[in-house]
Amino acid sequence: MDTVTKDTIVQQLTQLTSPDQVNLDPDELKYASLDFYRKYPRARKIYQAPIPVAIVYPENVEQVAAVLKYANDTGVNVIPRTGGSEIERGLESAREPHIIVDGSRLNQILKFDPEDMQLTVQAGVPLKQAEDWLNEKGYTTGHLPQSQPLADFGGLVATRSIGQLSTLYGGIEDMVVGLEAIMPDGRIVRIKNVPRRSVGPDIRHIFIGNEGSIAFITEVTVKLFPYLPDTYHYLAYTVDTMREGFHLLRDIVAAGYRPSVIRLYDAQDWSQFYPKHAEKPVLIFRTEGPQPLSDATAGAIKTMVESSDQTQPYEPLDEIIDWFKHLTWTQKEVDAEVNQLEKTPFVGFTTEVASNWSEIANIFEAVTTRVKKEIPNLYGIGGHSSHSYVNGTNLYFVYAFIDAEDDPAGEMARYHDPINKIIVEETLKHGGTMSHHHGVGKARAPFIKEEYGSSYWVLKTLLKSFDPKNTMNAGNIIPLEFWDETD
Ligand SMILES: Cc1cc2nc3c(=O)[nH]c(=O)nc-3n(C[C@H](O)[C@H](O)[C@H](O)COP(=O)(O)OP(=O)(O)OC[C@H]3O[C@@H](n4cnc5c(N)ncnc54)[C@H](O)[C@@H]3O)c2cc1C
């Protein structure tokens, strides 16, 4: 196929939508070529990935379908975007020419249904806006990712995101009841909203977590829960070792208790918040729900944690309550970090993984030991567990380094990628999964075969069946060099 010219793409997009829906601003195009994975070079205005031809803002489903069909027919790579808080190179393009299809003008709350406890929104509705609106009415989605003020429903579903209250409410995959999506050939598909079904494989999961590589999600229906902030209980303790902390998390969840928040921080990680109170690991809990349930859950956790001879109450507890209230990142925190990265080569990142209980402490120790040994100019590496299940938990590694060379263009190759690689290697070696909630993007795509093992064939067949021309976010999840391999 002949490569379509940039002028033709712009002309066609303008015809399919309207002139004020096609953004050609050079600065905005450059900014849109990267995401938070390269936040350091982006802060220094160094753009190393292909620049999109245009950002197009469809205003209805038919326009999304027309744009996708045009791209699919002409070999233009489509990067779907809603909130733009992607963190794993999912918004970078691996193939030129490419366009950003931005869903932020699909921003209507379509149906609030308190009887069936469901909310239907368009993909570009910001989660925080919907959540504030619901809270005023006495409801919540139960979804509180740290990026709640930055992310929109389309991206939250496309990445299989998770929020800080997940132990009670689940991840986004537990919340999505039905959805609407546009396939690369422009076909519109809808999955209806029912409480459960037994009608073959659950095809919601073809779209939840597709990371823009199968379809463009245009509408989502999620479950609702009562919003009961007056019933919250907070508890916090220090604990002598991470291993004992993991045991306590395990015992609480395995016994059947479901606090909304259940976290374990190592001292290094906690020191970024309260260095004076960071001599030991810290355990944090919040319970909520109907008052008797919240009271009983808090009471049981208190008994279980205090029966360990390795725990001590964390004081002052108000510090924890205040910390939790300010845990989400708004644009203000993003701007402050950009400001800091512009001036200083001090760079911090996170990588999150998960495993069964039996291996989690081993992964934590193996990763922190290797990173400290192998990575130069490391400021520190620590981590926390923030999402627990009956059979295991996640680990969220937090690390920072000084870019001694003051060379943002080379930072990824020298620091960020090698640290990521150690974390992924050690996690896979211990039987865990390389990504708990940030997705694969292009940062972790090189490890996709090791992650899936013999079931990689199923994943690849799925992506190639629905997107045979690799129109949708080419190189995401499956790297370009793997796409044409015969497996
Ligand atoms: C400070 C910070 C804190 C974070 N905290 C959390 C957290 O607590 N939990 C968590 O899970 N994640 C977290 N993240 C990661 C990020 O916020 C999530 O991945 C979020 O779900 C992305 O939503 P978004 O609307 O910003 O998507 P975008 O950044 O716009 O896109 C994310 C990915 O989804 C694809 N995509 C976007 N919209 C669509 C669509 N409509 N249809 C199909 N594909 C689409 C994109 O191509 C891209 O691959 C955090 C990120 C930051 C920067």
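**Pockets, an annotated binding site and strand β17**

In the lining of the second largest pocket, α18 makes the greatest contribution, with 4 residues. The structure described here is a predicted model. The volume of the second largest pocket is about 780 Å³. Its lining comprises 38 residues, of which Arg160, Thr433, Ser435, Glu451 and Tyr452 lie closest to the pocket centre. Besides α18 (456-466), the elements that each supply at least two lining residues are α9, β16 (346-356), β18 and α17 (448-452). By residue class, the lining of this pocket consists of 15 nonpolar, 19 polar and 4 charged residues.

The UniProt record, an unreviewed entry, assigns the feature "binding site" to Glu211, Gly212, Ser213, Ile214, Ala215, Phe216 and Ile217. From this set, Glu211, Ser213 and Ile214 belong to the lining of the second largest pocket. Two further positions of the annotated set, Gly212 and Phe216, were examined individually.

Gly212 is located in the loop that runs between α9 (204-207) and β10 (216-223). The relative accessible area of Gly212 is 5%, and the residue is therefore classed as buried, the cut-off being under 20%. With residues up to four places away in sequence excluded, Gly212 makes contact with Pro80, Ala158, Met472 and Asn473.

Phe216, in contrast to the loop position of Gly212, belongs to strand β10. Its relative accessibility is 1%, so Phe216 also falls under the 20% limit and counts as buried. Outside the four-place sequence neighbourhood, the contacts of Phe216 comprise Val64, Leu68, Pro80, Arg81, Val101, Gly103, Leu106, Glu180, Ala181, Ile182 and Met472. Pro80 and Met472 are thus among the contacts of Gly212 and also among those of Phe216.

Strand β10 also takes part in an enclosed space. The search of the whole structure returned 1 cavity of 30 Å³ or more. The volume of the largest cavity is about 30 Å³, and its lining is formed by Thr141, His143, Phe153, Ile172, Met175, Val222 and Lys223. Two or more of these lining residues come from each of α8 (172-175) and β10. In terms of residue class, the lining of the largest cavity is made up of 4 nonpolar, 2 polar and 1 charged residues.

Strand β17 spans residues 378-385 and is mostly covered, with 6 of its 8 residues buried. This strand pairs with two others. Strand β13 (residues 261-265) runs antiparallel to β17, and 2 bridges join them. Within this pairing, Leu264 has Ser385 of β17 as its bridge partner. Strand β18 (residues 392-402) is likewise paired with β17 in the antiparallel sense, through 6 bridges. Here Gly382 is positioned opposite Val398 of β18. The connection from β17 to β18 is a hairpin of 6 intervening residues. Strand β18 further links this part of the description to the second largest pocket, since β18 supplies at least two residues of that lining.

Notes
Residues numbered from 1 in each chain as written. Predicted model: local features only at pLDDT ≥ 70, side-chain atom pairs only at ≥ 80, totals over all residues. Heavy atoms only, no water. UniProt positions renumbered as here; feature names shortened; annotations may be inferred. 1 Å grid on protein atoms, 1.4 Å probe; cavity = no way out; pocket = protein on both sides within 12 Å on 5 of 7 lines; lining within 4 Å. Buried < 20%, exposed > 50% of the residue type's maximum accessible area, 1.4 Å probe, protein only. Contact = heavy atoms within 4.5 Å. Pairing = 2+ DSSP bridges. Points joined across faces, edges and corners; volume = space filled by probe spheres on them. Nonpolar A, V, L, I, M, F, W, Y, C, P; charged D, E, K, R; others polar.
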